[in-house]
Amino acid sequence: MRRRRAVIGLVLVAVAGLSACTPEPEAVVEVTVAGELGFAPELTFDVPLTVTEASVEVIAEGTGPELVEGEAVLVDFYAESGADRSLIGETFSSEPKPYLLSAEALGLDLYEGLRGQRVGSRVLQLVPGADGAASTVAVFDVLPTRAWGEAVEPREGQPTVELASNGAPTITLPAGEPPAAAVVQPLLRGDGPQVTAGQIVTVQYTGVLWADGAVFDTSWGPGKLPTSFPIGVGSVIEGWDTGLVEQTVGSQVLLVIPPALGYGGEHELADQTLVFVVDILAASGGPEVG
């Protein structure tokens, strides 16, 4: 188990003979953060914890891609009250939260703490209470915003995919008619847990039309964020339900979806064959989690 003590604040030593106007020493705020990345941390601190100034400290430095200004950042967080260590909120038992890496989206202090960090970092934030409210102790784990699995050799005759530096896919379609049956082709095979029906999955995706290759929907691009939704329970089109269940977290999956498994009904794309590239970033909840 990883254990890290974060000491926040300055220690000012009182020296005999100093004038009466010498300021009082500032109290040292000690918070111990234990637990492995990817799991809810265990926080230890004396209560009541009084924080007079917001601060951020990196508990563990990540080795993944560096966060980019204005682009998506995906985090799990865990927060306790400084008054009595009661839980304020957490995402480790639900889906992670996406934000843009900006002061407006994150608040100035957390933004400054995350800027320049890498995926895989764990960050501790202390926030003073406002108007007599209790201080807050929060931990943020920075998660990937793109698939990270091992490359899989694609089958011949399928759409091809090229990735930008940030992971955004460009899909090129082969000549000819679309396949009559659905195609599920992992392009990267992740090392995370297998997705099960009833879970909430967090993904990045791009969808194009087989007819002309036009992008009709995407989570990539300026101001866009990863999205989360239930899988395998009819909340999305059938081609996603059947194609993503049993894939592993960290995978990138190519889906070719015929009209019968697409939007259907009176949707404007009801008669179109759809092509998606989906990065599976996280999967949480579901019947096996309890």
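Leaving aside its neighbours within four places in sequence, which residues is P226 in contact with? The answer makes a good way into this structure, which is a predicted model. Setting those close neighbours aside, P226 touches A72, P98, T202, V203, Q204 and L281. Let's first look at the whole protein, and then come back to this proline.

The protein contains three helices and 18 strands. Of its 290 residues, 43% count as buried. If you take the contacts between residues at least 6 apart in sequence, 69% of them join residues at least 24 apart. With that background, the surroundings of P226 are easier to read.

P226 sits in the loop between β15 and β16, the latter spanning 227-230. Its relative accessibility is 7%, so P226 counts as buried, the limit being under 20%. One of its contacts, V203, is 23 residues away along the chain, yet the C-alpha atoms of P226 and V203 are separated by 5.5 Å. Another of the contacts of P226 is T202, a residue of strand β14. T202 counts as buried because its relative accessibility is 2%. Beyond its neighbours within four places in sequence, T202 is in contact with L74, E95, P96, P226, T227, S228, D279, I280, L281 and A282. L281 therefore turns up in both contact lists, that of T202 and that of P226.

Strand β14 itself is worth following. β14 runs antiparallel to strand β15 (residues 215-218), and three bridges join the two. Within this pairing, T206 stands opposite T218 of β15. The hairpin made by β14 and β15 has five residues between the strands, and G213 there takes a positive phi near 75°.

From β14 you can step into the largest nonpolar core. This core has 20 residues, and V203, W240, L244, L255, I257, F276 and V278 are those with the most contacts inside it. The elements that give two or more residues to the core are β14 (200-209), α3 (238-244), β17 (252-257) and β18. F276 is a good residue to centre your viewer on: leaving out its neighbours within four places in sequence, F276 is in contact with Y205, T206, G207, F216, I237, W240, V253, L254, L255, I257 and Y263. A second, separate core has 15 residues, including L110, L114, V123 and A138.

Two members of that second core, V123 and A138, lead to another set of paired strands. Strand β8 (residues 122-127) has five of its six residues buried, so the rest of the structure largely encloses it. On one pairing, β8 and strand β4 (residues 55-60) are antiparallel over five bridges, and V123 in β8 is the bridge partner of V58. On another, six bridges join β8 to β9, again in the antiparallel sense, with A138 in β9 as the bridge partner of Q125.

Strand β9 also brings us to the pockets. The largest pocket holds about 590 Å³ of space. It is lined by 26 residues, of which G38, D76, L143, L281 and A282 lie nearest its centre. The elements that give two or more residues to this lining are β9 (136-143) and β18 (274-284), and β18 gives the most, with four residues. By class, the lining has 15 nonpolar, nine polar and two charged residues. Here L281 and A282 may look familiar, as both were among the contacts of T202.

The second largest pocket holds about 470 Å³. Its lining has 24 residues, with E71, A72, T145, N166 and W220 nearest its centre. These lining residues divide into eleven nonpolar, nine polar and four charged. A72 is also one of the contacts of P226, which brings us back to our starting point.

Finally, a few details of the backbone deserve a look. V47 and P48 are joined by a cis peptide bond, with omega about -5°, and P48 lies in the loop between β3 (42-44) and β4. R85, in the loop between β5 (72-81) and β6 (87-90), has a positive phi near 65° although it is a residue other than glycine. R85 counts as partly exposed, at 37% relative accessibility. E246 is not a glycine either, and has a positive phi of about 80°. E246 is in the loop between α3 and β17, where it is exposed, with a relative accessible area of 56%.

How values were computed:
Residues numbered from 1 in each chain as written. Predicted model: local features only at pLDDT ≥ 70, side-chain atom pairs only at ≥ 80, totals over all residues. Heavy atoms only, no water. 1 Å grid on protein atoms, 1.4 Å probe; cavity = no way out; pocket = protein on both sides within 12 Å on 5 of 7 lines; lining within 4 Å. Points joined across faces, edges and corners; volume = space filled by probe spheres on them. Nonpolar A, V, L, I, M, F, W, Y, C, P; charged D, E, K, R; others polar. Core = buried A, V, L, I, M, F, W, Y, C linked by side-chain atoms within 4.5 Å. Buried < 20%, exposed > 50% of the residue type's maximum accessible area, 1.4 Å probe, protein only. Contact = heavy atoms within 4.5 Å. Pairing = 2+ DSSP bridges.
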